[in-house]
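Please read the following account alongside the sequence and the coordinates, moving from one region of the chain to another as the paragraphs do.

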Amino acid sequence: MKKNKILLKSTFLFLFLILFVFIGNAQNKTINGKVTDESGQALPGVTVVVKGSTQGTVTNADGEYTIPNISENATLVFSFVGMFAQEIVVGNQTTINVEMEVSTIGIDEVVAIGYGTQKKSDITGTVASLTEDRLEMVPNTNITQAIQGAISGIQISTTSGGASPNNNSIMIRGRNSIKAGNSPLIVLDGFPYSGQLGDINPDDIKSVEILKDASSAAIYGSRGANGVILITTKIGKDSKPKISYDGYYNTQRLTNFPDLLTGPEFYQFKLDRKPSEMTQTEEDIYNSGTYPDWKGLALRNGSSQKHNISISGGTDRTKYYFSVGLLDINGLAVNDDYMRLTNRINLESKVTDWLTVGTRSTVSYNDESGKSPSIGTVLRINPLTNAYNEDGTLTVYPNPESTAWSNPLEGTLAANSDLTYQLVSNNFVKVDLPFIKGLSYTLNGGVRVKITEDDTYYGRNTKTGLEAKGDADVNRSKYANYTVENLVNYSREFGKHSVFATGLYGYEKYERNSDNLSAKGFPHDILKWYGASQAELIVPSISYESTRLISQMLRFNYTYDSRYMLTVTGRRDGYSGFGNDTKWGLFPSLALGWNIANESFFAPKDIINTLKLRASWGQNGNQAVGAYETISRMTTQDWVSGASTMPGYRPNKLGEDNLGWETTESMNFGLDFGLWNNRVYGDINYYISNTTDLLLNRSISAVHGLTSVTQNIGETKNTGMEFSIHSTNVNLNDFKWSTSLNLTFMKNEIVALYGLLDEEGNEMDDVGSKWFIGEPIQVYYDHKVIGVWQLDEADEAAKYGSEPGWVKLEDTNQDDVIDSEDLQILGQRDPSTLWGMTNTFEYKNFVLNIFIHGMRGAIKVNDYLEDDVWTDVTRNTVKKNWWTPDNPTNDFYANDEDAAKMSGQYATYYEKSDFIRIKDISLAYNLPESVLERVGMNKIQIYTTARNLATFTNYGGMDPELGGQRGIPLQKEFVIGLNIGL
């Protein structure tokens, strides 16, 4: 595997070097051509100049231009208000046709809306776009890193640290569902994508749009309840081949790690607690004065590198984009390595005037082989232990007197191969029907196949392998999605009237099968998992599931004079996972828009150039249930009689034939504004969503052999406000300062559950599941720690069987007993406020980008104040301000075996997880045009980035954003990179 990595890196180095091979032959000539927009319409008034000179012209009414006396070494610059400037080297061309691309920054941008595009000024729904600088300025390994904090209403959390880029969770406009999924639908190049976003090369992405409200997401019906993320990859333009290289090298350092007790500190801690349980090994290590640095043995300084080479271009008939990307990460934990190799081919060809064919295809290979140390064990292991034997090998039992503990580093001795192969190919055939102008038919066909191989073997040099006489797990999985869509579009303008209609009939099939094998009791460790057939215990496991989805959709967009807009959408979906009578769901939506600034009576146009009101209503579904939830199922339960084992079965799932869709009904009210010729622009949105027919597990009598059944019951409510503003604060000749700010307030609550009423007629909560009417969906329900019993409270503490120095819990009903009646809602798990701010400073050829984001309103358990040592003094803990008679603090209770509980109830510490994080600081330098002309390049940019530079929080755990606090920590990153365009 190491040889393969070296070969791959050498190949990329070779490809990088050939970029500098450039041969030019200067010769003056006349250049002509035509400039169009992305829809093929001619663009008059486009400025065409020779780069670095005053020589130039503008296109005529037909978008055509002619410019004489041009050298082959010259670069033509095409610029137009509201569109990206393009630079094209003349070379041996005499005709240069250009397709201008609308800028992705501004109120008039053209954005993807699903099954088509539309000017943002004409959109009635709530569609947010990722700005260009977040896509290109920051070196991202996963596109979610670019989205996080950059768009209002989007909550992206880093669930864990580590090398893998697939460690994020995404929610759009908060949590709607209790049991079903809350993740948005991902649409890649027009096709639903069920894979991981970390498998997509960010360098291949052209644009990202977020469909947030019911109207904009309604075209995806059954899967749009949680919002939609549209990702469009790059395609070439009508130009000579353009070769680009983007690469960086990255170093990683720890951001935070708990301050654990050292060997001497733990020795004293145990002497104060339970000196009678001090072992001989602990005494020997303490007396030796040599203690293992478990943190240093398990963690390292990480690094990563990325290289991406792309070639794009085309003619007026055919456009192409080809790329190869390599991402190689060595994470903070030893053996935590990740490599991703991607290859993308995007091709689009206009075969005739009425027939266009194309493909968007990528192949990826991921290698995550290797088991890293158990950071959770590193955080707990007794420091008075041995990491190595005298011969330099890792110990199987670091503390021989406590064989329940394994060596935290044993994973580094395991043999592991974790490989993933994936093909995603989205293809289309478009027919522009000649007999009706504006009418087209598109046949879309997509396939995604993902194959994973994950094999692990623990030998007898590990605790796991020694006790099992060899332990192997072999896993093979295959995921497949097949999509076929028939799409009809009609787009016409009749004077002041603009019509855009879309019809869809689609079919999607999903399959997953896996073959797993667990084996123990190997005769030797030589063959590893390949010797599983010789093992004493072999447990095979095979699983399979398949679903089908049939969809029909109609959407109608109407605009009058760019002032009044109407969108009506209806989608009907049939999902195989639901009951016979409830498979089909109909999801309608309606949206209205009014461009007030385009009215003749609107006076302050010199100040307010854009002012648009939007209102939308719609319904979306959520099908996030298993393939066979409606079917009653059995599972194996063998019966043992003496020496004989007889096959048997027991109920595993009680089916519900009426199980159907969760439905989210949403309303959105929005305002888009632009001031001073869009020097300041943004939007404000207020939304309210009600989700009904929740997919919940309802308790039933155990006489059925089960205690719950999934049914459509309950209701939730979600409300929020979103603010987004972009401003150009300073715009001078050599200096520009711009700011983007977004702010989101969110609130969700449970409105109804099972319909059961108490004696007072109020609907009852589900206390066991911690679901409460009128409260957020996810809350912490527990006893509240209010301090430590002090010396002058000895009599009061004695009522609860406590004494000074022990934890004090709140007795809510004042009955002198701490029990279930004193449990209370302490806070919610999801944040109520999200925000992000980007400041960009441009001075001549330098660009400085500073991005900060934060969350507030949630609480989180501080794992490090929940000490396992209260029941097991073989485990380490973090340093604390323990209570003593001479230090009567309220921070933490005494170093006493019983101090962690009150009336038999153990304390759990919850803290606010609010934080502000300096996420990215990037500084880039673009080489001057004079230098570029001499070396024959279009672009040379050198940049450096610092990521996760600082976090401001009062949370005492490892990180307020991480899902768990006992895994691989979050890392600071320092990047240096290079972008080259030829």
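In this predicted model, helix H5, which covers residues 263-273, packs against helix H6, residues 280-288, at an angle of about 135°, and the two axes are 10 Å apart. Because oblique is the class left for angles that are neither under 35 degrees, nor over 145, nor within 65 to 115, H5 is oblique to H6. The crossing of the two helices, H5 and H6, is left-handed. On the side of H5 the contact is made by Pro264, Phe266, Tyr267 and Lys270, and on the side of H6 by Glu282, Glu283 and Tyr286. Sorted by character, the residues in this contact of H5 with H6 comprise four nonpolar and three charged ones, with no polar residue among them.

Turning to the sheets, one may begin with a general point: the strands of a sheet pair through backbone hydrogen bonds, and they do so either parallel or antiparallel. An open sheet of three strands has the order E4-E1-E7, and its pairing is mixed. Strand E4 (64-70) and strand E7 (98-99) stand at the edges of this sheet, and because each has a single partner strand, one side of each is left without a neighbour in the sheet. Strand E1, residues 29-36, runs parallel to E7 and is joined to E7 by two bridges, and in this pairing Val35 stands opposite Val98 of E7.

A further open sheet is built from four strands in the order E3-E2-E5-E6, with antiparallel pairing. Its edge strands are E3 (56-58) and E6 (86-89), each of which pairs on one side only, while the twist from one strand to the next averages 20°. Within this sheet, strand E5, made of residues 75-79, pairs with E6 in the antiparallel sense over four bridges, and Phe78 has Gln86 in E6 as its bridge partner.

Further along the chain come strands with higher numbers. Strand E21 (residues 355-367) and strand E22 (residues 415-432) run antiparallel and are joined by 13 bridges, with Thr359 standing opposite Asn427 in E22. E22 also pairs in the antiparallel sense with strand E23, residues 439-458, over 18 bridges, and here Val429 stands opposite Leu443 in E23. The hairpin of E22 and E23 has six residues between the strands, and in this hairpin Gly438 takes a positive phi near 90°.

Which residues other than glycine have a positive phi? One of them is Lys469, whose phi is near 55°, and this residue lies in the loop between helix H9 (463-468) and strand E24 (471-494). With a relative accessible area of 39%, Lys469 is partly exposed. Another is Ser562, with a positive phi of about 55° although it is not a glycine; Ser562 is found in the loop between strand E26 (537-560) and E27, and at 34% relative accessibility Ser562 counts as partly exposed.

Strand E27, residues 564-575, is also the place of Val568. Is Val568 buried or partly exposed? Its relative accessible area is 37%, so Val568 is partly exposed, given that the partly exposed class lies between the cut-offs of 20% and 50%. When its neighbours within four places in sequence are left aside, Val568 is in contact with Leu554, Arg555, Phe556, Ser589 and Leu590. As for Val568 and Thr232, which are 336 residues apart along the chain, their C-alpha atoms are separated by 24 Å.

The last residue to consider is Asn176, which is found in the loop between strand E12 (168-172) and strand E13 (185-188). Asn176 has a relative accessible area of 6% and is therefore buried, since buried means under 20%. Which residues, leaving aside the neighbours within four places in sequence, are in contact with Asn176? They are Asn182, Ala225, Asn226, Thr664, Ser689, Thr691, Leu694, Thr716, Asn718 and Ile777.

Note on methods: Residues numbered from 1 in each chain as written. Predicted model: local features only at pLDDT ≥ 70, side-chain atom pairs only at ≥ 80, totals over all residues. Heavy atoms only, no water. Pairing = 2+ DSSP bridges. Axes fitted to C-alpha atoms, helices over the stretch in contact; angles between N-to-C directions. Left-handed = near helix turned anticlockwise from the far one by under 90°. Contact = heavy atoms within 4.5 Å. Nonpolar A, V, L, I, M, F, W, Y, C, P; charged D, E, K, R; others polar. Buried < 20%, exposed > 50% of the residue type's maximum accessible area, 1.4 Å probe, protein only.
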